Each structure stands twice: as structure tokens, then as C-alpha cells.
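Colleague: Before I rely on this model at the bench, I would like to go through the terms used for it and see what each one rests on.

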Amino acid sequence: MLTAAVILTGCDSQPDTTKLAGTKVDAAAKLKATKAAKVKNAAKVKANELGQIPVLMFHRIVPKPQTTDDRSPQQFRADLERLVREDYVPITAAEMVAGKIDIPAGKHPVVLTFDDSSPSQLTLNEMGVPQKDTAVAILKEVAAAHPGWKPKATFYVTRDMFGKTTREEQAQMLLWLKDNGFEIGNHTSDHLNLRGRSHKEVEEQIGKIAQQINSLSYTKPTTIALPYGNQPNKKDWALNGKLYKHQGAFLAGYTPAPAPFSKSFDAAGIPRIKAMDKKGDCAQFCSHAWLDWLKKNPDMRYTSDGDVRTVAYPKYKAPYLRKSFTTWSLPY
């Protein structure tokens, strides 16, 4: 009887190989269903993560603009409010070049960059709070008025360090930026035109400020904005040196930037757009004009699927995907 019981028990249980096969089938079915759901969601929001990204270039934020590079606090606030209305969400330059574009589905990334480390961008009062009408203060105000819209930006620093001269004051400024989620980027020590300069001069200009930033804030910049938008004689000099290693170099150009997943993306020469109204040359080549164009041509604009682990796009755009992102690919 005992033998019979053992035999009967054995007949009722499945071999381990059968259980394992069933588990694999279930996992495959679950994976297939998950991907199908992601494809459906991507199609619903018309995701296009091979689309173009506006990288906006700002300088001083001053009450009375004196050059075409300046914006008044009112103009800058209006620039940000427009981005909010048109579903743009700020990311840093470092996040862009790394492909870590983590924004809600249906939204569009925008990179806000500030050159020259001007006091009009960041000045702190005695309590360590950004002064009213500085770029950072306005960014925080707009973000507070629009939950979910994060005050993210990249500040490209020179040795001027927001007008501060002592090491302690400079450290305070950089650490404040770092602690509040802003990116600190390299803009060379003396803002010299790198075109035509020797390899040694280029390395000195970039390496000196990189070393200074690191010693003050324990931060190694991962992106650089090239002064005047000019690349050195060899593009790679701006990316790799003895004291620095950058994942992206930004120009001063006048077009939206290709997505980092696109074949047309060039890490050594990423274009930016000057922030300005439609006047003169800016009638075509500055921020207001390009944002108008992207709005009228939504199929050319980067639209997120909401999943940072995938690159979603319409199937007809497949030829533009960089091969290195094939495993991330989610065509629909």
C-alpha cells in the first residue's frame, strides 16, 4: 500500500523540467503583453523620441537689456510660461547627452542653458536665498506656480563665478546650484575663442576651470559650452583632456538639437538656440521662431512616451535610430 501511495503521488506531480518550461512560457507571455501595452501608450501620445530638442541659450537677465543676448526678468518669465503652456519640461544638458530624458508621456524636453556665470543668473542674499528677478529665482517661482514643472537648468561657468572673488563665496554659489538640482558645466576659464589655438592652450582653458569647479564643489562637469560656439581645431579636444572628460559639447548655433538617440546626433557639436523674439535675423533663427516651427511641425519635435528605458517612435522613423540604442527601441 505504501508503494502504491508513492506511485500515485509521483503520478500527480509534474517533473521540474515541465514546471520550468511553463514558467518560461508565462514570462514570455507577460513580457509580450507588457511591450504591447507600452506600444499602445506610445502610440496614444504620439511619442517621437527621435525628434528634435530645443536647447535654449541665455546670458544675462537684467532690467534693461543692453545687447541681443540679454533678457529682462519679464521677458525671461514669459519665455518660461510659454514653455509651460506648450508642454515643455526642462532637463539638464547632462541628462540630454546621456539619454536620461525622464519626463511624463506626451511632454517635450527643453534644455535651459546659461553662459558666463553672471550675477544676474544667481545671487544669494544673507539667508542663502536667490535674489528676486535673478534667473534662478524666476525659475523657482514659475515651477512653484506649475506643479510638476521642475526648475532644471545648466549653468556654464567661467572663472568669474557669478561675480564672486573669494574661494568661500565661489564655493557657496556652486554648492547651492549642486544642492538644488542644477547642472554645473564648463565654459572655459577665460572665455577665449578656442578656434585656432594649440592643443595645449585648449587643454589649459578647459582643464583649469574644470579643476577649479571640482575643488570648490566636488563636481566634475560632464558637458561644456564652447565660447562663441567655436570648436577647437580638433573637435575631440573639447571632450577629452588630462583634467576633464565631457559627454557633450554645445555650440551657439541656431537650430534645435537632434535627439541623442538619432543618427544625426554629434556629441562634439550640439546646436543651441539663442533666446530672443522674432526680430532681424531672429525672425528665423532664435527661440520664438523655432518654438513656433516645432509647434507647427509636431512630427519633428521630441515627444516622450514616459518611459526612460525605451526609445519610442513611429515605425517610419526607424532608419534614423542609432544602432547603439537598438535594444531600447519601441517602434509603433
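The exchange below takes up one residue, one cysteine pair and then the whole chain.

Modeller: Please keep in mind that this is a predicted model, in which local features need pLDDT of at least 70 and side-chain atom pairs count only at pLDDT 80 or more, while totals for chains, interfaces and linings use all residues. Residues are numbered from 1 along each chain as its sequence is written, and side-chain values use heavy atoms, with hydrogens and water left out.

Colleague: Why is S72 called buried?

Modeller: Buried means under 20% relative accessible area, exposed over 50% and partly exposed in between, with a 1.4 Å probe and protein chains only; S72 has 7% relative accessibility, and therefore counts as buried.

Colleague: Which residues is S72 in contact with, leaving aside its neighbours within four places in sequence?

Modeller: With contact taken as heavy atoms within 4.5 Å, S72 touches I61, V62, P63 and P65. The C-alpha atoms of S72 and V62 lie 4.9 Å apart, although the two residues are ten apart in sequence.

Colleague: What makes the link of C282 and C286 a disulfide?

Modeller: A disulfide is a pair of cysteine sulfur atoms within 2.5 Å, and the sulfur atoms of C282 and C286 are 2.0 Å apart, so the pair qualifies. The structure holds one disulfide; its angle about the S-S bond is -45°, a left-handed link, and both C282 and C286 are buried.

Colleague: How much of the protein chain counts as buried?

Modeller: Of its 332 residues, 48% do.
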